[in-house]
Amino acid sequence: MGTVAEPLPAPATAPPTYAEVTRDVIATLRPPGRKYYIGLAFVLAGLAWGAFCWAWQLRFGLGVTGYQPPIFWGTYIACFVFWVGIAHSGTLISAILLLFRSGWRTAVYRAAEMMTVFAVMTAGLFPILHLGRAWYAYWVFPYPNFRGLWSNFRSPLVWDVFAISTYLTVSVTFLTMGLIPDFAAVRDQARGWRKRFYSLASFGWKGSDREWRHWGKMYLYLAGFATPLVLSVHSVVSWDFAMAIVPGWHATIFAPYFVAGAIFSGCALVVTILVPLRKQFHLERYIQVRHFDSLAKVILLTGSIVAYAYVVEFFMSWYSGNIFERQSFYARAFGEYWWATWIMLSCNVFVPLLLWFKRVRTNLRALWIISIFINIGMYFERWVIIVTGLSHEYEPWQWSYYLPRWPEIGILVGSFCWFTMWFLLALKFLPVVAISEMKEAGPPPLRAGARAGSQA
Amino acid sequence: MKRTTIMIAGGVLLGVAAALVGVSLVEGQGTPRRPVTDHGPPGRWLPPGAHPNPAGGPAIQMDTGLGPLPPSTGAGYSSLTDVKPGGAWPALPRSLKGPVQPVFYRHDIHAGQYRIPCLYCHNNAANSYSINLPSESTCMGCHIVTSAPDTAGNPNPDIAKLRDYYARGVSIPWVRINRLPDYVHFPHMRHVAAGLACQTCHGNIQQMPRVFAVRNVASMGWCTSCHMERGVTRDCTACHF
Amino acid sequence: MSAGPGVVAVFGQLDATVATIGALKQRGFANYRVYTPVPRPELADALAQKTSPVRLFTLFGALCGTCFGFFYAIATSLDWPLITGGKPIISWPPFIVIGFETTILLGALITVAGMFLLAGLPRLGRAPGYDPRFSDDKFGVVAFGGPAQLAEAREIFTTNGAEEIKDV
Amino acid sequence: MMERRRFLQVAGAAGLGVAAGCAPERHHLRPYVNESDDLIPGIPEYYATTCRECPAGCGLYVKTREARAIKVEGNPFHPVGHGKVCARGQAALQGLYDPDRVREPYRRTARGMQPVTWDDAVARIAAALGTAAASGPDRVALVTGAETGALDAFYDGWLAAFRSHRRLRYEAYAYEPLREAGRLTFGTASIPEYAFAEARYILSFGADFLETWLSPVEYAHQFAQAHHYESGRMARFVAVEPRRGLTGYSADEWIAPRPGTEGLLALGIAASVVRQGHARLAAGADADRARGFLARFTGASVARATGVEEAVIDRVAREFAAAEPSLAVAGGVACQHRAATQTAVAVNLLNYVAGNVGRTVRYHATSPWDRVSGYRDARDLIGAMGRGEVDVALIQGTNPAFTLPASAGFAAALAKVRLKVAFATQLDETAELCDLVLPDVTPLEQWAELEPLAGVRSYVQPTMTPVFEGTRQAADALLAVAAKAGKQVGPAGATTARELVAAGTTPDALDDLLQHGGQFAVAPARPVRLAPDFARLAFQPPAFDGADDGLVLIAYPSMALFDGRGANKGWLQELPDAAVKIAWQSWVEVHPATAARLGIKNGDIVTVTSPHGSVEAQAYVYPGLAPGTVAIAIGQGHTAYGRNAKGRGINPLDLLGADATDESGALAFCSTRVTLARTGRWMEPATTEGSPRQLGRGIARAVTVAGALKGEVEPAPEATLTPSEQTAIAAAAASQRKRAYIGIYAQPNPKWEMTIDLSRCTGCQACVTACYAENNLAVVGEEQSVRHRNMSWMRLERYFHGDTTGTDWDVRITPMLCQQCDNAPCEPVCPVYASYHTPDGLNAQIYNRCVGTRYCANNCPYKVRYFNWWDYGRPGDPYFCFEEPLNWQLNPDVTVRTKGVMEKCTFCVQRIRFAQNDAKVRGVALKDGDITPACAQTCPAEAIIFGDAHDPDSRVSRSKQDARGYHVLDMLNTKPGITYLERVIAATEA
C-alpha cells in the first residue's frame, strides 16, 4: 500500500491523459451522423416486423409457427438461451475480472455490461413470446391474489422467472452504479438539457472522498453478488433442460457446460460489437489490440470447455448404455438434424481452433469473422439441444421433424433489432468506455520529475 | 430534416406494431368456451311442447344403480306450507338495480312476501348441475287464475305479458344475471343437498324487486374462501374440467 | 459534512494532492474534503479511510433475501398444497434456487441503498468548493475552519503547488 | 369481462384498435314454455335406437342433453354389438350435424339447382309417376340401401302401387360370393351367423371381420372373447390373405398365398384334414361326395399353386381340425377376385369337413343379407336405364354413382331417366346427377324397424327433433307422393314413417319396444346338407386384367370410411387408418421389394395405371402385402359430398373393369394388374407414425401362451429397472410420499386406474372416436395432421415387430393415452400448477389455468399431451372446426379449449365427478363399474378396465395383479396408473 499501482504494460502509444480520456469518451456522445440514423431506422423497421409477427402469432395462436409435436419448444427457447448466454460475458468481464483484478477489462467492460443488460432485456421477452397465452404471463409470478393461487416453485420455469428478473435487476444496478462517476464527468462538460439529464443521472455525484469510499465498497460487493449470480443464472437456464427427463437434456454436465457456452458466445459478441465500434468512434487508444487478444484467449478457453462438453455428452450417451440416450445422440449426429449439429460443431469447435495462433488473435478482421461464426454456432447449439432432443424422445411413434416458419424467423430478427436498438440508443447516452476507470488504469498525473511508485 | 423523417417513419412503424400487439393481446384474450351454454337453446331449438323429443319415442329409464333421489334437504325451504299469498305489495324503491327484464317479475313479492320457496320454481337446483328457470307453465299454474287486476279489473300488465308469451308458445328471453365462465362446473345439487341457503351466494333475492348480482359469484376467491372455511375440498378438478 | 467557510485548492497532480492531505493531517486539520476524478488508492491511504460500513447493509440484505425466499416458497406451498410429480409439498432442493436468487436480489439492492445512504446521495444541493474540473483531470482539496485555520490551509496549498486557490 | 369491454371502449376511443363487433355480450336464459317431466337441464337423457352407418345394425343408446344428441353409445342388451359401437357408428353424430347437409328441396334447372317447396317437389314426382305407371310396368326404379323390416315392405308396396318391381337394395359390399357359395354348398343363398366367440381356432381367408365385414363390432366383441388370453387358454387365429390389414394384425400367424389362390389353399387344408383322418363327417353320401371331391387337391399341387409350403398346409389342417370347434371365414380381399365364389365355397367345405357347420357356422331361416342387391342387380338396372326402360328413378340412402366403378356407366344410364330423384342428406355424387334433390333425415332423426339378425326386431327412432326444419324422412315423402298420386300404400291413413313402424303394435307396446331398442329373440339354427352344385366350379386361380408382369391391385374397404359414406365426417377423416396410420389422404401401399426395385419412398407420388384407368397418389411402403401386389383403400376420391370429402384422395374403383365379376356377379375388387411409375413429386403424408419400430423400448409387449403360463413378461431390458434400482426408488418414493400426502391428500381417497389388455385390443380405434365425442376434441384437418398436430387424446400406436421381409412378423398395437402417472414428470415443471395430481390419483390439467409453456408436453415421456395451436373452437379462426351445427354435438360437461392451452386425457374426469356428485346427493356409495370412461365404454373387445385401485375387490385391482401386467417405460419411475397386460401370441406348437 501507499504506492501508486504499476500501470499496464506499456502500449504502443503514450497513455492518454485524464483530460484526453474525458475528451475522447465524451466525443462518442456527440450528436450522431446520418449513418447512425439510417442504422437506427433499419433497426426500427426490423423491430416493427418482429412486433408484427408477434401480433400475428397472438391473434391466431402458436399455430402460425412451425412447432410440430412432439417438438414443443424450438426457435424461441433457443433465442432465450442464446440471449441469456450473450448476457453472461458482460457480467464476467465486469464483475469476475474485477474480482480477479484483470486490468484488461477496463477498456471493454462498459460495452460488455451494456450488452449484458440489453441481452437480458431481449432474453426476457422470449419466455413470454413463446407462451400459448402470453396475456397471462404474469401468472407465473407468485403474487398474492384472492383466488389463493400461487406459482409452483418446483418448476424450473419459476426458477427462471426469479433468476432472470434478479439478473436483470442486478445487471441494471451494476451498470448504473458504474456509470454514476462517468455521468458526473459528462455532466460537467455538457450544456443545456444534457446537463440537466446527466445531473439527474449522476445523482449529484461530486467525487468527494466520502462518496468514493462507500461507492468503492458497494461496487465491490455488487461484483461479489454478480459473480455467483451469473453462474447461477445460466445454471438455472440449463436446468430448464437438465431437470426434464428428455434424452439429450437430462445431464448433470449441463450447468457448467451452459455457463462456459454462455461466456464463449458472449465474448464472441463483445468482439463482434467492439471491432466496428472502436473504428467508428476512434477508440483505438483505449480499446487496444491486446484487449482483443485477451478476449480471444477467453474465447479459446471457454470454447475448449464447450468442445469438451460435446465430447462428454456423446461419450456419456454411449457409455451409459441407455438406448434412449444413444439413439437420441445418434440421431443428433446422423439423423434428420445432422446439418444443424455439424454447423454447430464446425463453428464452435473447429473454427475457434484458429485462435491458437497469435497472428489470428491480433488480426481484428479475422477475429471479427471468427466471432460471427461462433455466434452462429452457439445459436445452433441451443437449437440442436432443444430440437433434436425433443424430436427423438422415448416414444418412437411420436418422432417428428420441426423447422421454424416465418413468424419465428421474424421474431428472431426482431430480437436482434431490439437489442441493437437499445445499444444504438445507449451509445449516444452512456459513455461506452468507463471514464473514471480508464483514468484509474492509466498513470496518474504527477509533478515533474516524480516517478510513479515513489512516495510523494 | 431527413433524420427527422426517418425517425418519424420508424416511430410510426413501431407504433403500429405496438398497437397491433396491444389489440392482439386484448383480442387474444378469451376464456375456453362451451357453445352450449344457456339451457334453453335459442330460436326453434327450444322444445315447445311437453316432450323433449317430440319426434321420437320415450327416453330410456336408465338404471344408474344409485337409487332414487332423496327429497331435497334444502334447509326446509322446499316446503310449501309456509306460503302466505296475498296482502299489500311492498313499495318499490325509487331506483332499481339490475337489468330490465322482459317481464317485471318481482322476487320481493313472490319469494319475500308470499314466501314461496326458491326450489318451488327453481327445482332443478336440487338434482342438477344447472339450475333452471321455471317453465312458463309453472308460472301459469297460478297465473292462469291470479292476475292481480287493477280496480278496473284489467290484469296486471306484466302478468298479461306472461299470459301472452304462454299463449304464443314463446319462451321469455330473461336477461341472465349470474354467469359462470364455461370452464367452471358448479354442482348446484351438491350445495342444495349440503343445506346451503340460496341466499349465501345469490344474496337476499327475496328483497329484490328486480334481481341483480349481489356479489361476483364468478370470482373464485369467493368459492375457495367458503370451501376453506367449511373444510371442503379445494381440488381444482372439483369444478374445472 | 460540515459547511461554513472554507478554502479550496485545485491540484493538477496526484502526488501534490496526496502531499497536501498529508500536510493537512499533520497540522491537525480534521475538517477537509477531497474531490477526485478517480479513486486512487494513494488518496485512500493518505486519508486513512476506514472500511466502509456498506458491508453491514450487504449482510443484512442478503440474510433478509434468504429468509424471504425460503419463507415465501414454503408458505405458498403450504397455503394450497398441491402434489406435483409425487414430490413432497415442501421440496427443499428447488427452494434453494429461490432462496439463492432472493439473497442476491435483496443483498444487491440493500447494498446500493446503503451506499446511497452513507454517501449522502442523491445530492440535491451544491457541494462546497466543487469545481467541474474535479470530474475531469484536477484534484480538489477543501479545508474548512476558522480564519486562522484557513490561512494555514492556504499556506499548505501554496506550498504543495496548488494551481488555484479560492474561498468558498 | 367488464374490464375487457371497458378497455376496448377506451382503446377504440384512443384510435388504437378496431373495436367493431365487440358490443357487450348479453346472455339470455330461455325457459321452457311447458315443463317436461323427463328433461332436467344438465342431466342427460338416453334414447335407444339402432345404428344405420353400415348394414350390421348395432343397438345404440344415444345420449342427449337439453334435447340435442351429443353422444352415441351402445345398447348393452342388444344382441348386435352388446353395448359397443365402432368409430363409424359414433360418427353418426357428425352426419347428423354435418354443415353440408341438404337443408331444403332443390330442383335442377338450366340455371343450376334452384330451391323448391316440398309441395312442388311432391307434385312433380307424383305427376311423373302417374305418367310412368300409365305407360307400362316397371317404369319406376327405387334404389335404397340395405333395408329390412317395416320400411322395406313399405318400399316394395309403394313401388307396386306404381306398377313396378325395380327395387334395388344396393350395397357396395353385398357379399354375393358368400350367398352364392351358400347356395352352391348348402342350398341356401343366405349368410350364416358366425360364432366367433365359441371358436377355438379361427382361420380367416381375407375376411376383415374386425373392420367392415358383415358385423364388425359384434365379431370384434366375440373375437375378443375367443382370442383373449386367460389362464393359459386362447383361440388361435390364422389369417390367410394377400394383404395383412387390421384384422390380420390380431392374427397369430399370417399366410400370404398368391393372390386369388386362397380358395385352393382352403381346399388343400380341407383335403389335408381328410387325408390326416381328422374330418368330422357323418357317414353318408354327403360325406363321401366331399371326400371324393377333395381327393384331387393333393398337398403338392396346392402348395405349387398357392406358394404355401405343404408342411404349413398340413399343420394348419391338423390344428384346425383338432380345435373344438374351429371356424373358417372367407371375405375381404381374399374373396373379391374372379374366383371369389370358389373361395367361399372352399371355405364352406373346410368348415363342413371340420364339423363346424351347425356349430360355429349357423344358418338361419333368413339373414338380413338375403335380399340385399349386389353388383349384378345394379348392372341390370343400369342396363334398363340405359335402354330407356325407366322413367322415374328414386334413390335414397345410397351413393351408387360413387361406389360403382366409373366403367359401369351408371351416370350415363341414369341420365336417360326422365325424372331422377335423390333423397339425400348431402349433395353426393348421385344427388348431383338427379333432377330433384330432397333433403332426407339422418339415421338419428328417422323411424325404421330393422332385422339385423334373424329373430331380432331392432327399432330406429329419432333421438331429437330434426336439426334442419326442411328435412323429411324419405318414407314420409314417399307417402306424400303416393297420397298426391291417389294411391294407398301402407296402413290405412299412414302419413309418416312413425306410423309405418308403429303398425301392428299398441302405443304402450311400442313405447316399451322403443325403450329397450326392440325385441331380441334368438332364432334357432337351421340344419343344412351338402348340396351337389359346388363341384361344378372350376377351382382355378382367377384371371387378372392387364399385363402379366404387372402388380395385382387390391382395392379394399376402408375401415373408417367404409364404402366412402364416412368421407365427409371429420372424425372419420381424421381417424388414422388402422393399419397404415395415414389420415385425410389416399395412399398406395407398395411392397418393400417393389419399392426398392422402383426406388419408391414413403410420400413419393406414384401413378398407378391399369387397363381401365389411372390414378395418382402417394406411396406407402408396407410390409403387410404379398409380393407382387399393391393395395389402395376404397372410400376417398369423392367429387362431391361435402367439404371434407370433395376432391380428397383417389378412388381405386376407377382402375377396375366393369366386367370383372365372379360367378355370383359380384364386382371383383381385386381383378386387375397395374403398373407403378414414379412421378418425381413428393407429398408429406398426414401420418401419425413417427417410427414404425419400437426399437427395443418395450412399449407394446407380447409373449407366447407358454410364456404367459409361466408368468413371463417380454423383457425390455432397456426399459425396465433392475431389482436394486427398484428397491432404492421405492424407498425414496415412500419417504417422499410421506411428506407429500397432507391436507386433502391425506384423507381416504379412491385412486383411479386402468388396465388395458393387449390380448383383447384389436386396434380398431373405436375408443379414439369415443374420446373425440366425449371430450370435444378438435378436428384439425389435413394440413395440421401433416404437422402431427392431431388432438386425439387416445392414439393407437402400431409397431412392426420382427423381420418384416417375410410373413413371420407380428404387429404390436397399443392404445396410448395419459398414463396418469403417480410420479408424473409433467406436473412439477408447470409453473402455475395447471398440471398437478388430484387426491384421487388423476393427473389433472386445468385448462383455464394453463398459460401454454408446453413444458409439460416436453417432459411427458408418453407424449400424450396435446396443445391447442389454433383456436379450434372460435368462429373465424382458420381452423375452426365446430361450425354450426357441428357445435351442437359438443359435450356441455367438458370445456372447449381455447388456443394456447394444453389438453389431455383425464380418465373422463367429468364422468367421475358427475357420478360422485350424483352418488353424494343420493346418499349412496359408488360401486365398482359405476364410472366408465368413454373409451372403455365403447371398446368392442372390452380391453379396457377402469376403476378404483384402492378397492382391493375392484376389477381393475384384480386385473392389474395379472402376471402379464407391465408399465410402459417402467424405468422412468413414473409409476403409471395404466397397467398394460401384454399381448399373448398363440404360437404354433411346431
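A residue counts as buried if 20 or more other C-beta atoms lie within 10 Å of its own, as exposed if 12 or fewer do, and as partly exposed in between, with C-beta atoms placed from the backbone. Helices (H or I, at least four residues) and strands (E, at least two) are DSSP runs numbered from the N terminus. The model is predicted, and local features need pLDDT of at least 70, side-chain atom pairs count only at pLDDT 80 or more, and totals for chains, interfaces and linings use all residues. Residues are numbered from 1 along each chain as its sequence is written, while chains are lettered from A and ligands numbered from 1 in the order in which they are written.

By the first of these criteria, helix α25 of chain D (residues 766–775) is mostly covered, since ten of its ten residues are buried. Among them are D:A766, D:V768, D:Y772 and D:E774. The residue that follows α25(D) is D:N776, and its phi is positive, near 55°.

Chain D is divided into domains whose bounds come from an automatic or database domain assignment. Domain 1 is assembled from the segments 106–173, 372–446 and 472–489, domain 2 covers 176–362, domain 3 covers 544–682, and domain 4 covers 707–985. Taken over C-alpha atoms, the centres of domain 2 and domain 4 of chain D are separated by 38 Å. Their contact takes 16 residues from domain 2 of chain D and 17 residues from domain 4 of chain D; two residues are in contact if their C-beta atoms, placed from the backbone, lie within 7 Å. On the side of domain 2 of chain D that touches domain 4 of chain D, at least two residues each are supplied by α7 (216–227), α8 (246–249) and β12 (253–255) of chain D. The element giving the most to this side is α7(D), with four residues. By class, this side of domain 2 of chain D has eleven nonpolar, four polar and one charged residues. In this classification Ala, Val, Leu, Ile, Met, Phe, Trp, Tyr, Cys and Pro are nonpolar, Asp, Glu, Lys and Arg are charged, and the others, Gly among them, are polar.

Two sheets of chain D may be considered next. Strands pair if DSSP finds at least two bridges between them. One open sheet of three strands has the order β2-β3-β4 (chain D), with antiparallel pairing. Its edges are β2 (45–50) and β4 (68–74) of chain D, each with a single partner strand, so one side of each is left without a neighbour in the sheet. Neighbouring strands of this sheet are turned by 30° against each other on average, direction ignored. Strand β3 of chain D (residues 59–65) pairs with β4(D) in the antiparallel sense over six bridges, and D:K63 stands opposite D:K71 in β4(D).

Another open sheet of three strands, also with antiparallel pairing, has the order β18-β19-β20 (chain D). Its edge strands are β18 (448–450) and β20 (518–520) of chain D, each pairing on one side only. Here neighbouring strands are turned by 20° against each other on average, direction ignored. Helix α5 of chain D (residues 149–161) packs on this sheet, touching β18 and β19 of chain D, and its direction makes about 110° with that of β18(D). Such angles run from 0 to 180 degrees between N-to-C directions, with axes fitted as lines to C-alpha atoms, for helices over the stretch in contact. Strand β19 of chain D (residues 456–460) and β20(D) pair over three bridges, with D:S458 opposite D:G518 in β20(D).
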